[in-house]
Amino acid sequence: MSIFSNKPKVAPVASPVQVTVEKTDEQWREELSPDEYRVLRQSGTERPYTGEYVDTHTKGVYQCRACGAELFTSREKFDSHCGWPSFWAPLADGTVRYIHDRALGMERIEVRCAACDSHLGHVFEGEGYGTPTDQRYCINSVSLKLVPADEATPPGTED
Ligand SMILES: [Zn+2]
């Protein structure tokens, strides 16, 4: 085996979103709990109705559990009764990225953190939930970390 192997000179087409948090698989394994690792880094799914944020109505910002990027807020969270925390929009354009997922014989759109490329969940459309976008970002609790608003702003100043 030669160490001077011919590496392809043309890189694969890069995704327009820049991954800013890059870690080795070993680092992720060390930093995350086994459950977090399985969902975030292996595109796993937590069991429905078991996640800590399914019924949470606390005001605040949901960060990526892996890298701390701000992804969703309580303003866009709604009760979908599907068993996972659901949002009708991300915090802003570009905070998440989308990947077409054809696993399990269904066409689904996977949602990942744009900063660290960790798996968050899937987004579904046109289900008739009556939210402003008619989209449902079905996100694993274990992929998120809620930072309650009252830790950042004094009470009574919410909009
Ligand atoms: Zn992240």
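**Figure 1. Burial and overall make-up of the predicted model.** Of the 159 residues of the protein, 29% count as buried. The coordinates are those of a predicted model. Its secondary structure consists of two helices and nine strands, and from the N terminus on the elements follow the order α-α-β-β-β-β-β-β-β-β-β. Among contacts between residues at least 6 apart in sequence, 56% join residues at least 24 apart. The average pLDDT is 88, and 84% of the residues score at least 70. Over residues 7-15 the pLDDT is below 50, and this stretch has one contact in the model beyond near neighbours in sequence.

**Figure 2. The largest nonpolar core, with a view of Cys 113.** The largest nonpolar core has 26 residues, and those with the most contacts inside it are Cys 64, Cys 113 and Ile 139. Two or more residues each are given to this core by helix 2, strand 1, strand 2 (70-73), strand 6, strand 7, strand 8 (135-139) and strand 9 (144-148). The largest share, three residues, comes from strand 8. When residues up to four places away in sequence are not counted, Cys 113 touches Cys 64, Ala 66, Cys 67, Ala 69, Leu 71, Val 96, Ser 118 and Leu 120.

**Figure 3. The open sheet of six strands and its edge at strand 3.** The strands of this open sheet have the order 3-4-8-7-6-5, with antiparallel pairing. Strand 3 (77-78) and strand 5 are the edge strands, each of which pairs on one side only. At the edge formed by strand 3, two bridges connect this strand to strand 4 (residues 86-87) in the antiparallel sense. Within that pair, Phe 78 stands opposite Ser 86 in strand 4.

**Figure 4. The hairpin of strand 5 and strand 6.** Strand 5 (residues 96-101) and strand 6 (residues 108-113) run antiparallel and are joined by six bridges. Asp 101 has Arg 108 in strand 6 as its bridge partner. Six residues lie between the two strands of the hairpin, and Leu 104 in the turn has a positive phi of about 60°.

**Figure 5. The hairpin of strand 6 and strand 7.** Strand 6 also runs antiparallel to strand 7 (residues 119-125), to which four bridges join it. The bridge partner of Ile 109 in strand 7 is Val 123. Five residues separate the strands of this hairpin, where Asp 117 takes a positive phi near 65°.

**Figure 6. The open sheet of three strands.** The order of the strands in this open sheet is 2-1-9, and the pairing is antiparallel. Strand 2 and strand 9 are the edge strands, each pairing on one side only. From one strand to the next, the twist averages 30°. Strand 1 and strand 9 are paired over five bridges in the antiparallel sense. Across this pair, Tyr 62 has Leu 146 in strand 9 as its bridge partner.

**Figure 7. The surroundings of Glu 46.** Glu 46 is found in the loop between helix 2 (34-40) and strand 1 (60-64). This residue counts as buried because 21 other C-beta atoms lie within 10 Å, where the criterion calls for 20 or more. With neighbours within four places in sequence left aside, Glu 46 is in contact with Val 39, Gly 51, Asn 140, Ser 141 and Val 142. Glu 46 and Ser 143 are 97 residues apart in sequence, while their C-alpha atoms are 9.5 Å apart in space.

**Figure 8. The surroundings of Ser 141.** Ser 141 has its place in the loop between strand 8 and strand 9. Ser 141 counts as buried because it has 21 C-beta neighbours inside 10 Å. Residues up to four places away in sequence not being counted, Ser 141 touches Glu 46, Gly 51, Glu 52, Tyr 53, Val 54 and Pro 85. The contact with Glu 46 links this view to that of Figure 7. Ser 141 and Tyr 62 are 79 residues apart in sequence and 9.6 Å apart in space, C-alpha to C-alpha. Tyr 62 also appears in Figure 6, where Leu 146 is its bridge partner.

Definitions and conventions: Residues numbered from 1 in each chain as written. Predicted model: local features only at pLDDT ≥ 70, side-chain atom pairs only at ≥ 80, totals over all residues. Pairing = 2+ DSSP bridges. Buried ≥ 20, exposed ≤ 12 C-beta atoms within 10 Å, placed from the backbone. Contact = placed C-beta atoms within 7 Å. Core = buried A, V, L, I, M, F, W, Y, C linked by C-beta atoms within 7 Å. pLDDT = per-residue confidence, 0-100. Axes fitted to C-alpha atoms, helices over the stretch in contact; angles between N-to-C directions.
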